[in-house]
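Biologist: I am new to this structure. Could you walk me through it, and tell me how each label is earned?

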Amino acid sequence: MQLLIFKPEEAQPLKYYKFKNTELGKVHSCIPWEELEQLFPTTQENSGRKSWLNNKGKLALMFLKSYSGLSDEKLIERFNTDWAYQMFCFRLLGDHEEIKDITLPSTIRSYLSTNIDMDKLQFILLKHWKGDIKYFNMLLMDATCYESDIRHPTDVKLLWECCYFVFEKLLFKACKDLNIKRPRNKYREQREKYLNYSKRRRKGYKLTRKRKGSLLYLLNKGLNQLQEVLNLGSVHLTEKERAKLRTIKKVRFQQQYMFDNKVERIDERIVSLAKPWLRPIVRGKETKKVEFGFKAHILQAGGICIIDHLAANAFNESTRLKQSFYKHQKIFGSATHIGADGIYATNKNRCFITSKNIITNFKKKGPRALTKEEKAIRSIIAKERSTRMEGIFGTHKRNYGLSKIKARTQANEILWITFGILTSNAVIMSKKKEKKHEKSTYGDQLQLVA
């Protein structure tokens, strides 16, 4: 296979002219690909077949993933048939070439998540866009949760998943490999009871607690029987199986503690066997009080979003005002106005804001009344925060694939969220540059007429 790597402007003139005038082409032109390419490690392995895409193409494919909102399989199908997608990724396919590996985006995602620093990637892009951003002295901040693609977890579902894995995937398989009789247990009986329970429309407290107790007893027995089989020394578990087994034991301990003490909350609680790093994020919304995913503290300056902090564990965003100010200062300079909701209006934050002479939309404390000018400025800041800041979260989730994150590892999930937000920024910057170009062109025409 001969690689055909090119610069977009070296392609067919008509195709390149059409490409650069599309929204995708304008997004491509506002990304500093040469600077981003320097983030890759200098030493790379030469073994194996050559990749379809070079380093810039790998980054471009992740931008395309967020821009299109397609699944990995549909993205490769679109890439094979759309020359604009190929030009975006610096790789024109030949007449008889076709990418058949539908796992290519997943492979690239895993490679980038382990070799690229997401903070440096964001910093390079923001520095490149700084010259085209207006009113970056106003800093807006808020937190949101980008949910993972998991079914709504319950204790009964989680315990049954653990039992299913211990018995079906480990114990029964090990007995078959060793050609020994299965140990006696009530797995089949409990499976029927779980199915009957799951089909019930209403599940009372007593019935649910009874199911928890039965599944905990079954799980404890299954783990003990599995250990007896493993002690024979003829069965070897893979690294993934051992990791999942450690997670199951931690789930068993947590659920047993919650069952015995009749509590509903516990620190570092595991809610998903497939994604043990996820934690319940209490958001307090009317329709969805608890969300399961990464909590993100997002800053906004001039319409561009900055990822300040991203974590699977819940955190209090009000404690990050000072760090957010200095992160904004490092990129754009000192902020003169800050917009945030009421949770940020702590005494500690107010003292810091006063020392920096920053104007905010916080409610006034003290006897002095606000002037008309101060009220007007605070009203503008509050309106900007409530419209732009809250609105951009919905845009991320609806248009850039961040409503349900389908990544399977923690590092890939962070990369997925990062590229979704950066792609949204790139689209905004392409529109800003287009407006700036139109104004300059219109001004030149006026000068010629004069």
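Biologist: Which residues line the largest cavity?

Modeller: Happy to help, and please keep in mind that this is a predicted model. The lining of the largest cavity consists of Met62, Lys65, Ser66, Arg109, Leu415, Trp416 and Phe419. Two elements, α4 (55-68) and α16 (410-449), each give two or more residues to that lining.

Biologist: What makes this space a cavity, and how many were found in the whole structure?

Modeller: A cavity is a set of points where a 1.4 Å probe fits but cannot get out. The search found 1 cavity of 30 Å³ or more, and the largest cavity holds about 40 Å³ of space.

Biologist: How is the lining of the largest cavity made up by class?

Modeller: It has 4 nonpolar, 1 polar and 2 charged residues.

Biologist: Now to the helices. Why are α9 and α12 called oblique to each other?

Modeller: The axes of α9 (residues 155-178) and α12 (residues 239-261) cross at roughly 140° and come within 10 Å. Angles over 145 degrees count as roughly antiparallel and 65 to 115 as roughly perpendicular, with oblique for what remains beyond the parallel range under 35. The angle of α9 and α12 fits neither named range, so the pair is oblique. Their crossing is left-handed.

Biologist: Which residues make the contact between α9 and α12?

Modeller: From α9 they include Leu158, Cys162, Phe165 and Lys173, and from α12 they include Glu241, Leu245, Ile248 and Met258. By class, this contact has 10 nonpolar, 1 polar and 4 charged residues.

Key:
Residues numbered from 1 in each chain as written. Predicted model: local features only at pLDDT ≥ 70, side-chain atom pairs only at ≥ 80, totals over all residues. Heavy atoms only, no water. 1 Å grid on protein atoms, 1.4 Å probe; cavity = no way out; pocket = protein on both sides within 12 Å on 5 of 7 lines; lining within 4 Å. Points joined across faces, edges and corners; volume = space filled by probe spheres on them. Helix = DSSP H or I, 4+ residues; strand = E, 2+ residues; numbered from the N terminus. Nonpolar A, V, L, I, M, F, W, Y, C, P; charged D, E, K, R; others polar. Axes fitted to C-alpha atoms, helices over the stretch in contact; angles between N-to-C directions. Left-handed = near helix turned anticlockwise from the far one by under 90°. Contact = heavy atoms within 4.5 Å.
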